[in-house]
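I set out to record what can be looked up in this structure about its cores, its rings and one of its helices. The entries follow the order in which I looked.

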Amino acid sequence: MPKQKITLAVTGLNNTDNPGPGVPVIRGAKESEGLEIRVIGLVYENLEPGIYMDGLCDRIFQIPYPSSGSEELIERIEEIHKQEKIDVLIPNFDAELFSFMKNEQRLSDQGVHTFLPSLKQFQEREKDKLPEFGEKYGVKVPASINLGSISQISDMEGKFDYPVMIKGQFYDAYQVNNEEQVKQAFFKISAKWGLPVIVQEFVKGTEVNVIALGDGKGNTIAAVPMRKQYITDKGKAWGGVTLADEKMMGLTRMIIRKTKWKGGMELELIKNSSGEYYLIEINPRIPAWVYLAVGAGQNIPEALIKLALGQDVKPMEAYEIGKMFVRYSYDMIVDLEKFAAISMNKEI
Amino acid sequence: MKITEEIKISDNGFVFNSKTGDSFNVNPFGLELLKYIAEDKDFDSIKDEILGKYDVDSLTLEKDFYEFCALLKHHQIVAQGDPMEFK
């Protein structure tokens, strides 16, 4: 059977020490047996490594940051679509998801398909709403309060024992041991990520993660649990191994069933010494370690593309246990022309 | 005392817990002990095997064996049904 030709647009080509999922998403998509993928790389910065990786993207376009406004971003996508006829778009950054979710119908009317969670799903899993999420769906979550101002630190009294985690609503987390450190973390985080700043109970245990894909009807199309084996100073996995843990899988399937989750997701969990799992975060997109799932037998990018195109995808249940990934850094020698082209023309 | 089903043991002494992702290295003697445990042998028959093969006295063997078992339990490599087992 001839392969179906698809033009796929992907963001997140920043394969740095804080890697975006774009490059592994493309690798997975290109390994599809049924799809022939032409890749349009969408970048924010002209030094995103994915721009310079040979054979990765067929075309590259620079797009404006979502902070410059949804309209500007979507108009740029429409302009690129006129040239390249994008079939499927996979956004890979938390910060851009809102713009793409809000404009899902507008893009779809023009033939650009996405497969994203709904705004409601996206918002109810936000870090500052985790206690409500836990209660609504029957999931254990650490106790937390939101700080809208520095004076609210007094609200912590009697509610938490140190250490506690201080988190930004989008990114950044610090473990702190006293009130002075809470203040320092509050100022650092609020300056960068705005308010509220979240104070979260510290759950002692092992961090484990699950990558999953929901079909939007309550079915889990793919799910692979992983434990980070090597963590960078930014808290990113530099190595990991797939696990056999039915309890984690059951929890994942339950969350997807109850939320009717649509799209890729990553569950961040802490397993305490009694074997209980606490949900500390849901990332509403494919994580950067997605290629481990592909290597273990579940091609999540391929499945997501098919779902975006309205095709039927059967749930993948098997994966190889004890499969590992190890990241590496690699110096590419590139010509100035590519850098000049993306800098000057905003496309290659 | 049983080796839990998520434990995978390689011939070279690499032990992997597929539920937690932990991995351990055991030396050839540790591997031999793990094999006896996996074969469901009780301590008396393990003791007979070891005393017949190695130059060790019964008391030292017993002490080292329990120490090894405590480590296996701590790292969730074995599950102990009856707490009086091996006592």
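The entries below concern a predicted model.

**Entry 1: nonpolar cores.** I looked first for the largest nonpolar core and found that it has 68 residues. Those with the most contacts inside it are A:Ile255, A:Leu269, A:Leu279 and A:Ile305. I then asked where this core lies with respect to the domains of chain A. Domain 1 (4-114 + 331-345) and domain 3 (204-326) both give residues to the core, so it lies between them. I noted another core apart from it, of 21 residues, which includes B:Ile7, B:Val15, B:Leu33 and B:Tyr36.

**Entry 2: contacts of A:Ile255.** Leaving out residues up to four places away in sequence, I listed what A:Ile255 touches: A:Phe133, A:Val139, A:Lys260, A:Met265, A:Leu267, A:Leu279 and A:Ile282. I return to A:Phe133 in the ring entries, where it pairs with A:Tyr137.

**Entry 3: aromatic pairs.** I searched the whole structure and obtained 9 aromatic pairs over all chains. For A:Tyr44 and A:Tyr65, the ring centres are 4.8 Å apart and the planes stand at 10°; planes under 30 degrees apart count as stacked, so I entered this pair as stacked. The two residues are 21 residues apart and link distant parts of the chain. I placed A:Tyr44 in the loop between strand 2 (35-43) and strand 3 (59-62) of chain A, and A:Tyr65 in the loop between strand 3 and helix 2 (70-84). Are the two rings' residues buried or partly exposed? A:Tyr44 has a relative accessible area of 5% and is therefore buried, whereas A:Tyr65, at 40%, counts as partly exposed. I also found that ring pairs link A:Tyr44, A:Tyr65 and A:Phe93 into a cluster.

**Entry 4: the pair in helix 6.** The rings of A:Phe133 and A:Tyr137 have their centres 4.8 Å apart, and with their planes at 55° I recorded the pair as tilted. Both residues lie in helix 6 (residues 130-137) of chain A, 4 residues apart, which is about one turn of the helix. I found A:Phe133 buried at 3% relative accessible area and A:Tyr137 buried at 6%.

**Entry 5: charges over rings.** I noted A:Arg27 over the face of A:Tyr291, at 3.7 Å from the ring centre. A:Arg125 lies over the face of A:Phe122, at 5.0 Å from the ring centre.

**Entry 6: A:Lys306.** I located A:Lys306 in helix 10 (residues 300-308) of chain A. Its relative accessible area is 22%, and I entered it as partly exposed. Not counting residues up to four places away in sequence, A:Lys306 touches A:Leu35, A:Gln311 and A:Val313. From A:Lys306 to A:Leu269 I read 37 residues in sequence and 28 Å in space, C-alpha to C-alpha.

**Entry 7: helix 2 of chain A.** How far should the 15 residues of helix 2 span? At 1.5 Å a residue the expected span is 21 Å, and the end C-alpha atoms are 21 Å apart, which agrees. I listed the buried residues of this helix as A:Leu73, A:Ile74, A:Arg76, A:Ile77, A:Glu78, A:Ile80, A:His81 and A:Glu84. They pack against strand 1 (4-11), strand 2, strand 3, strand 4 (88-90), helix 3 (94-102) and helix 4 (104-109) of chain A. Lastly, I noted that A:Lys85 follows helix 2 and has a positive phi, near 50°.

Key. Residues are numbered from 1 along each chain as its sequence is written. Chains are lettered from A and ligands numbered from 1 in the order in which they are written. This is a predicted model: local features need pLDDT of at least 70, side-chain atom pairs count only at pLDDT 80 or more; totals for chains, interfaces and linings use all residues. Side-chain values use heavy atoms; hydrogens and water are left out. A nonpolar core is a set of buried Ala, Val, Leu, Ile, Met, Phe, Trp, Tyr and Cys residues joined through side-chain atoms within 4.5 Å. Buried means under 20% relative accessible area, exposed over 50%, partly exposed in between (1.4 Å probe, protein chains only). Domain bounds come from an automatic or database domain assignment. Contact means heavy atoms within 4.5 Å. Rings of Phe, Tyr and Trp (its six-membered ring) pair if their centres lie within 6.5 Å; planes under 30 degrees apart count as stacked, over 60 as edge-to-face and the rest as tilted. A charge sits over a ring if NZ of Lys or CZ of Arg is within 6 Å of the ring centre and within 35 degrees of the ring normal. The expected span of a helix is 1.5 Å times one less than its number of residues.
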